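Hi,

Here is the structure I promised to pass along. Have a look when you get a minute, and my notes are underneath.

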Amino acid sequence: MEKGEAKSKKAGGPPRLCCICNERRPVLKRPKTLQQICRECFYEVFEEEIHQVIVKNRLFKSGERVAIGASGGKDSTVLAYVLSELNRRHSYGLDLFLLSIDEGITGYRDDSLETVKRNELQYGLPLQILSYKDLYGWTMDDIVKMIGLKNNCTFCGVFRRQALDRGAALLKVDKLVTGHNADDIAETVLLNILRGDIARYVYIYLFLIMLSLGYIMIHTYAYFKKLDYFSTECIYSPNAYRGFAREFIKDLERLRPRAILDIIKSGEDFRIATTTKMPEQGTCERCGYISSQKWCKACVLLEGLNRGLPKMGIGRARGGVNGGDHKKETKAGSTVKSLESKQCGSLDF
Amino acid sequence: MCSILAMACNSSGCESGSCGRDKENGRSKVEEVKEESVCLKCKSNEPMKFGDGGSDDGRFCADCFRSNVYGKFRLAVTSHAMITPSDNVLVAFSGGSSSRVALQFVHELQVKALKNYEASRDRSLPVFGVGVAFVDESAAFPAALSGEMGDAVAWVRSTVLSMSPPEKDLHVVPIESVFALKLLDSVSDETGKEDLLLHLKMLSLQKVASENGYNRLVVGSCTSRLASHVLTATVKGRGYSLSADIQHVDARWKVPIVMPLRDCVWQEITRLCHLDGLKTVELARHPQSGINDLVSSFVALLQEENPSRECTIVRTAAKLTPFYFNKIPETDDSCVPMATQRRLKKFNLKYDGSMTTEAFCPICNGPLNGSDSSEGYHESDNTLYAACCSSCRFQILPQDRSSLEHFGSLLPHHMVSQAKHHQKVDSQTYLREKIKDCLLMDDEEAEAV
């Protein structure tokens, strides 16, 4: 296996000590370096890395209103906890909030929202909850009832991203922080390649806190600190195709820990023609949200839902509102549209 | 062009979601496809059933299936000017299905050219030459391969012999002819070792090609192989150089590499071998447990879930900007027919005109990203370390700097000189590109003068 292994070969002799403080008994080893460290040093190292990312990248200014995207899951809980700690410890002077999105998934979201409400009390951070129902008129339960389990994740992803932005605007926050870690991003880069989307991901993740830390580190932190978090797969996710990529990434990380960062590096280095890199920043005609097309993605999807055309906006643009290509629709491309919505000229006999 | 694209769309496992099949949760689609009683294309013959559990079984008759695949090959060859009458082409043959099909198709193309030549009155267009190269890797895998290799080589020889006329030379290249075996032992990373071996294999092919007067190297890489490469390159941090490796043409090398089967999927290739009784030989390797294998298993898994996944991956990666060397150079040969030159020009418009590449990694020959090479470079650093890409630095070069000198001395001289050679060619092409708008005469007129 890879080089790191040599370092951790067990030699007989006196019990090992934490390789940082040399005092306490180690309780775990860092995946990347395989160093054996004790609980306290782990907390310090972890928190210090996040602090360094914040300082080196000058992520915040004193007095800013900062919203933390809180799902109740491990990542956002750890983020909320650490950020409020560091804010206190290093006097960032930030005005911190929790911002949570209620997708309207019975049995899943209700429980995780309870967790966030507890976090509000535990960390002393005010909480704002925005629901899909408020913003879009549809809950995920309604959406799944209509379209089944095939493209539901697409809807949820688009709606959630907008919801966080809109919520942040409503609360007049200066910065929005999300708990995406390196594994999430690597996964997204891979998924985009697998599904055909290469230009998009470049501008999706604006504020990254935990870039240098992997998935394993964050979960370990949450475990040791006994942080209150909610940990179940979204009930609609069994068919989620992201699962394939996640398994692969786990295996990959075992073989070569730095591969996760290498994926992100590749993503940054991809040679993408300048024309596709930065889409024109305009506004959606329907709702006024930032959009590079006539209508923003959420509006396209909503229009589809409201019109009973659940596949509208899924897959590549074939005319319709955003009229990506003005080519005549081929017979093959029109499996989704009903006969009535087709113009006579394009029907094939 | 349109009808060929439609063909490509209908052939097994290829192209977009517009084929009207349910792509999202891909369970096996075989049972959902209606039983076709007649070939979809010619509507007259009985469809061929391969019974291999793959997608699109029983849709086309044997002839239409074959012409679909050959059609893609021929389209790639003509639109990229891969093989022209004056060329001398070396086909890299490993004994596997992909290169077997490549060899077969190149042979058929040559036979057709010979027929035309003999039938024509003025004999103006010569028939391109074809040679075959087989790399003997047994020195790198002594325990696994030594017994089989003799038989394999004999089989290759007889296969090539059976493919005449026109006659083809066979070159068996032992891989140790380009490097010292100690080199592989100095690489501790499993994946790094595998990749280094691939680079050395390419070096040996380049060596035999240029020493024997070939000016094209045909490699049988198919869509499926490229899909795996897209992912392995991504996970190794090679996102910048990725687009250089997956095009139809790779003219970085002294002898340009062409990949005429780039648009064919593995399923088509194995089916064709089965259909036409093309024998192949699969040499046992020692078990590979690195990243490359992990990725191919992953891709195979995805492919099961969705039969067009490999195509989607390659199509996505094709959106990345290729490099200026991803085309047959226009000024290469004045014997290239005018029609081809014109087609080349039109086709070449889509490539990146700006020559921003300065250098290539001496080990993998990958174009270096500006920031990549300057990262962590210090005055006192070993020049080999400074010249390599970050991926080769990590997985191939020895980690302790003191061993670097020794490692460098084990590397084939070719690796370093290859890079130097290319830099020379670069500047010439680079200059032409910069000044071409000022040139009064275009290529054709200049040649005629």
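For what follows, a residue is called buried when its relative accessible area is under 20%. Keep in mind that this is a predicted model.

Chain A to begin with. Helix H2 there covers residues 39–56. Its 18 residues, at 1.5 Å each, should span 26 Å, and the end C-alpha atoms do sit 26 Å apart, so expectation and model agree. The buried residues of H2(A) are Cys41(A), Phe42(A), Tyr43(A), Val45(A), Phe46(A), Glu47(A), Ile50(A), His51(A), Val53(A) and Ile54(A). After H2(A) comes Arg58(A), with a positive phi near 50°.

Over in chain B, I looked at Phe179(B), which lies in the loop between strand E3 (169–174) and helix H5 (182–185). Phe179(B) counts as buried because its relative accessibility is 6%. Setting aside neighbours within four places in sequence, Phe179(B) contacts Leu184(B), Leu200(B) and Pro412(B). Pro412(B) is 233 residues away along the chain, yet the two C-alpha atoms are separated by 5.2 Å.

Then the cysteines. How many disulfides does a search of the whole structure find? It comes back with 0 over all chains. Cys42(B) is in none, and its nearest cysteine sulfur, on Cys39(B), is 3.6 Å away; the cut-off for a disulfide is 2.5 Å. Cys388(B) is likewise in no disulfide, with the sulfur of Cys361(B) the nearest at 4.1 Å. As for accessibility, Cys42(B) is partly exposed at 30%, while Cys388(B) is buried at 0%.

Cheers

How values were computed
Residues are numbered from 1 along each chain as its sequence is written. Chains are lettered from A and ligands numbered from 1 in the order in which they are written. This is a predicted model: local features need pLDDT of at least 70, side-chain atom pairs count only at pLDDT 80 or more; totals for chains, interfaces and linings use all residues. Side-chain values use heavy atoms; hydrogens and water are left out. Helices (H or I, at least four residues) and strands (E, at least two) are DSSP runs, numbered from the N terminus. Buried means under 20% relative accessible area, exposed over 50%, partly exposed in between (1.4 Å probe, protein chains only). Contact means heavy atoms within 4.5 Å. The expected span of a helix is 1.5 Å times one less than its number of residues.
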